[in-house]
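User: I'm new to this structure and would like a close look at a single part. Please start with one charged side chain and its salt bridge, and then walk me outward from there.

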Amino acid sequence: MTLALGCIADDYTGASDLANTLTRAGLRTVQTIGVPADDLALPEVDAVVVSLKSRSIEAGLAVARSRAAEKWLRGRGASHVMFKICSTFDSTDAGNIGPVMDALRADCGEAIVLVTPAFPETGRTVYQGNLFVGAVPLNESPLKDHPLNPMRDSNLVRVLARQSKTQVGLVDLPTVTRGAEAVRARLADLAGKGIGAAIIDAVFDRDLETVGLVAARHRLSVGASGMGLGLARALVSTGKVRSAAASNGQGTAVGGAAACLAGSCSQATLQQIARAESVMPVLRLDPNRVLTDKCEVERALAWARPRLAEGPVLIASSSTPDQVAALQARHGRDAAGHAIEQAMADIAENLVKSGVRRLIVAGGETSGAVVDRLGIPGFLVGAEIAAGVPVLRAVGAEAGDMLLALKSGNFGGPEFFADALGLMR
């Protein structure tokens, strides 16, 4: 198997978003969980997205895991590797985007790396190096309040420079609108000055196509799924990949019980949980009790098991930002987050043992904990539920045939859970 494109994602839901984007653009795509074992049987594909849970861990560990993923992808023939990050550039000043970028750049010998989290389809644009969410800068939007990686500066040149050991430059929108050759000239000028990374503006889809054409000639890029879209279109337009009507990966119906788990505290997920209460039983966990009472998980399972035969259920640990802040103040940020993630993973593991074969998980950290616990090595990418969220069919799962949906907190419309269940048969 020789890959046209290798990707390393810093969380599982972001990996699903990227894999979905590549599939829609015509690339046959598999998403793996962690660096695959050498003996994992994969179908013939154009792209592999290696999912890591590295966004919020210690920077040195994130670097080590990302390097291992890059080595595996290069060993399968990937001439270009994309490091996939969140479209809100979630990362503290201590990392992890900068340190991982620096390490991968050193490993592949790239002079300068293009960086952009822009994805206009989802309302993320970059102008003069500033990241916008809709019409407002990131630091003025509700998305600034990520519980683990709050973003208080929308200027990505400054943000990345605080994390990276290299100088960071800018390729502005006027340059992008002049086309790929103008961008290449700008990059050559920056690299000649010793600048090793460049934030590139992108406001429209056509800007992503220019970015992709330029990035595809390099060994490494850093960005959100918009970067992946640009790369995929470049690979197809230049004939390096023959666009195929990608299989939706669903095949025969899976059947079995269905359950939803929500750990995200985003406004979108909180609204989705509220809407779900009209179509399925919903149990709202008390996060403080999850941290202080070991019986809380068993109580949740005792509530869910008798209801599964009647239809889907939803169990949520999601809280408002104020409640999250109070919980972190009481128990510590890392301890609180880890305890809730592991509790949700406990619930998922036991629900699967009880016959759940269709599982929807909201929240990047929650999704990572759940998939790790279930020991699923990879997924075939299927039909799109919402922008950035595909149906995933498990590959090599111990539980057998399963369908999953892994949703980043801010993704999906108000009826997301019902929409997902409608496509997961």
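Analyst: D153 is buried, with a relative accessible area of 13%; buried means under 20%, exposed over 50% and partly exposed in between, using a 1.4 Å probe and protein chains only. This is a predicted model, in which local features need pLDDT of at least 70 and side-chain atom pairs count only at pLDDT 80 or more, while totals for chains, interfaces and linings use all residues. Residues are numbered from 1 along each chain as its sequence is written, and side-chain values use heavy atoms, with hydrogens and water left out.

The partner of D153 is R162, and the closest N and O atoms of this salt bridge are 3.3 Å apart. A salt bridge here is a side-chain nitrogen of Lys or Arg within 4 Å of a carboxyl oxygen of Asp or Glu. R162 is partly exposed, at 41% relative accessible area, whereas D153 is buried.

Just after D153 in the numbering come residues that touch a glycine, G129. The contacts of G129 (heavy atoms within 4.5 Å) are S154, N155, L156, V157, L170, I199 and D201, leaving aside residues up to four places away in sequence. One of them, N155, is 26 residues from G129 along the chain, yet the two C-alpha atoms are 5.7 Å apart. G129 is buried, with a relative accessible area of 0%.

Where does G129 sit? Its place is the loop between strand 6 and strand 7. Helices (H or I, at least four residues) and strands (E, at least two) are DSSP runs, numbered from the N terminus. Q128 shares that loop between strand 6 and strand 7, and Q128 is partly exposed at 34% relative accessible area. The backbone of Q128 also deserves a look: its phi is near 50 degrees, a positive value in a residue other than glycine. Most residues other than glycine have a negative phi.

The strands on either side of this loop belong to an open sheet of 3 strands, in the order 6-7-8 with antiparallel pairing. At the edges stand strand 6 (124-127) and strand 8 (136-137); each has a single partner strand, so one side of each lacks a neighbour in the sheet. Two strands count as paired if DSSP finds at least two bridges between them. Strand 7 (residues 130-133) and strand 8 run antiparallel and are joined by 2 bridges; here V133 is placed opposite V136 of strand 8.

How does the D153 pair fit into the wider set of salt bridges? By the rule given above, the count comes to 26. Another of them links R299 and E296, at 2.9 Å from N to O. These two are 3 residues apart in helix 11 (residues 296-308), which separates them by about one helical turn. Here again the acidic partner is buried, E296 having 9% relative accessible area, while R299 is partly exposed at 37%. R299 and E296 also belong to a network of salt bridges together with R289 and D293.

For another placement, turn to K353 and E349, whose side chains meet at 3.9 Å, N to O. Both lie in helix 13 (residues 333-353), 4 residues apart, about one turn of the helix. K353 counts as exposed at 62% relative accessibility, and E349 as partly exposed at 24%.

To set the little sheet around the loop beside another strand, look at strand 18 (residues 403-407). Its 5 residues out of 5 are buried, so strand 18 is largely enclosed by the rest of the structure. Coverage extends to both faces, with L403, A405 and K407 buried on one side and L404 and L406 on the other. Side chains in a regular strand alternate between the two faces of the sheet. Strand 15 (residues 356-362) runs parallel to strand 18 and is joined to it by 5 bridges, with V361 opposite L406. Strand 17 (residues 389-395) pairs with strand 18 in the antiparallel sense over 2 bridges, and R393 has L403 as its bridge partner.
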